[in-house]
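Let's take a friendly walk through this structure, one ring and one helix at a time. Have your viewer ready.

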Amino acid sequence: MNYTLLGKKLGMTQLYDGTVQVPVTVIQAGPCPVLQVKTVETDGYNAIQIGYETKKEKRASKAEQNHAKKNGAATPRAIREVRCDGTPEYNSGDVLDVTKFEEGQKIDIIGITKGRGFQGVMKRFNVKGGPASHGSMFHRRIGSIGLCQWPGHVFKNQKMPGRMGGRQRTVQNLKVVKIDAEKNLILVKGGIPGANGDTILVRSAIKGK
Amino acid sequence: MNQIVKDLNQDQLKTDIPLFKVGDGVKVHTLVREGDKRRVQIFSGIVIARKGSGIQEAFTVRRISYGEGVEKVFPVHSPNVSKIEIEKESKTMRARMYYLRGLVGKKAMQVKEKRLARGY
């Protein structure tokens with residue numbers, strides 16, 4: 001299993017790594033209590049369910065409260081399920097935290113990008129558009145979307161205006177610059193999807209080493 | 001900004017930076033790496049701008065070198081900037097002294113000097 005934590009994007013800043021300036025995103029991740037362990041025998045697949053942060057008990061349903069209580073955890077604000085390759089090596093009630101990550105390691109971040117609303121094709125797909133002046137009268141439009149009698153229809157995935165952002169995106173192979181186990185912080189080189197304060201999933205990289 | 005991010009930045013700030021202003025003549029000591037050797041390079045001139053705040057703060061130093069104006073931007077809190085020395089203090093009417101770029105000859109490096117004891 002790729003070690004996974006739930007976390008929160010706190011913001012970006014810069015760090016001097018030796019004498020080189022590095023742009024970093026500050027992530028607060030964990031501690032995440034394991035709320036449930038799913039195995040092939042019980043559920044048909046292997047996974048663990050992890051929680052993050054807490055919410056007021058009166059805001060949670062009885063089902064939520066008791067689900068957390070079973071493992072001696074407070075009612076979590078966010079819950080996610082993480083698939084495991086084999087039988088999960090964790091028991092419900094375990095707490096996952098930042099200490100398993102190392103500085104210099106590669107990690108993946110999964111988050112939801114900022115919603116940008118209904119956007120044109122230039123912003124959404126980097127379509128070139130037309131000239132701004134010289135009476136072109138063709139500025140930010142798409143242009144042609146296909147041919148005439150053949151094929152007789154517009155191809156699928158034709159780039160057109162529409163809702164942009166607000167989708168789940170994964171950024172792979174971000175380098176861990178620093179880890180602060182006391183404050184549960186991971187400092188990662190580069191940007192990650194979402195606004196500050198958004199919940200994200202931090203996972204040891206699937207591809208990169 | 002998030003308090004944790006603010007604290008992170010606060011920890012990185014240098015505490016021994018002299019109070020230099022726009023218009024001051026300064027000597028900036030920078031660490032330069034040549035192969036595996038490290039040495040200190042000094043760039044002296046007039047501070048013509050200070051930009052940004054906190055960890056991002058930078059300042060621009062202008063000098064006339066062999067008749068040609070040269071400007072360098074230094075991040076204030078970079079570990080490469082080892083020392084900033086104030087040589088001359090001055091009285092300026094502007095926050096950014098970009099007008100110096102348009103001047104030639106003697107005027108290009110003339111800034112009203114301050115004849116005050118350096119006590120602030």
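A good place to begin is A:F101, which counts as buried because its relative accessibility is 4%, under the 20% cut-off. Keep in mind that this is a predicted model. A:F101 has an aromatic partner, A:Y3, and the two rings meet edge-to-face, with 5.4 Å from centre to centre and 75° between the planes. A:Y3 has a relative accessibility of 10%, so this residue is buried as well. What makes the pair worth a look along the sequence is that it links distant parts of the chain. A:Y3 belongs to the segment before β1 of chain A, while A:F101 lies in the loop between β6 (95-96) and β7 (106-112), 98 residues apart.

How many aromatic pairs does the structure hold over all chains? There are four. Another of them is found in chain B, where B:F20 and B:F59 are arranged edge-to-face, 4.8 Å centre to centre and with 65° between the planes. This pair, too, links distant parts of its chain: B:F20 is in the loop between α1 and β1 (25-34) of chain B, B:F59 is in strand β3 (residues 58-65), and 39 residues separate them. Are these two rings buried or exposed? B:F20 is buried, since its relative accessibility is 2%, and B:F59 is buried with a relative accessible area of 0%.

The two rings also have further company. B:F20 and B:F59 join B:F43 and B:F74 in one aromatic cluster. In addition, B:F20 has a charged neighbour: the charged end of B:R50 sits over its ring, 4.1 Å from the centre.

Now move to helix α1 of chain B, which spans residues 3-12. At the start of this helix, B:N2 brings a side-chain oxygen to within 2.7 Å of the backbone nitrogen of B:I4. Which residues of the helix are buried? They are B:V5, B:L8, B:N9 and B:Q12. These four lie on the same side of α1(B), because they cover an arc of only 95° around the axis. The face turned away from that buried side carries the exposed residues B:Q10 and B:D11.

What, then, does the buried side pack against? Here the tour returns to chain A: the buried residues of α1(B) pack against its β1 (4-17), β2 (20-29) and β11 (185-189). The β1 strand of chain A has already come up, as A:Y3 is in the segment before it.

Conventions
Residues numbered from 1 in each chain as written. Chains lettered and ligands numbered in written order. Predicted model: local features only at pLDDT ≥ 70, side-chain atom pairs only at ≥ 80, totals over all residues. Heavy atoms only, no water. Buried < 20%, exposed > 50% of the residue type's maximum accessible area, 1.4 Å probe, protein only. Helix = DSSP H or I, 4+ residues; strand = E, 2+ residues; numbered from the N terminus. Arc of directions from axis to C-beta. Contact = heavy atoms within 4.5 Å. Polar contact = N/O pair within 3.5 Å; in protein donor to acceptor, adjacent residues only side chain to side chain. Phe/Tyr/Trp six-rings, centres within 6.5 Å; stacked < 30°, edge-to-face > 60°. Lys NZ or Arg CZ within 6 Å of the ring centre and 35° of its normal.
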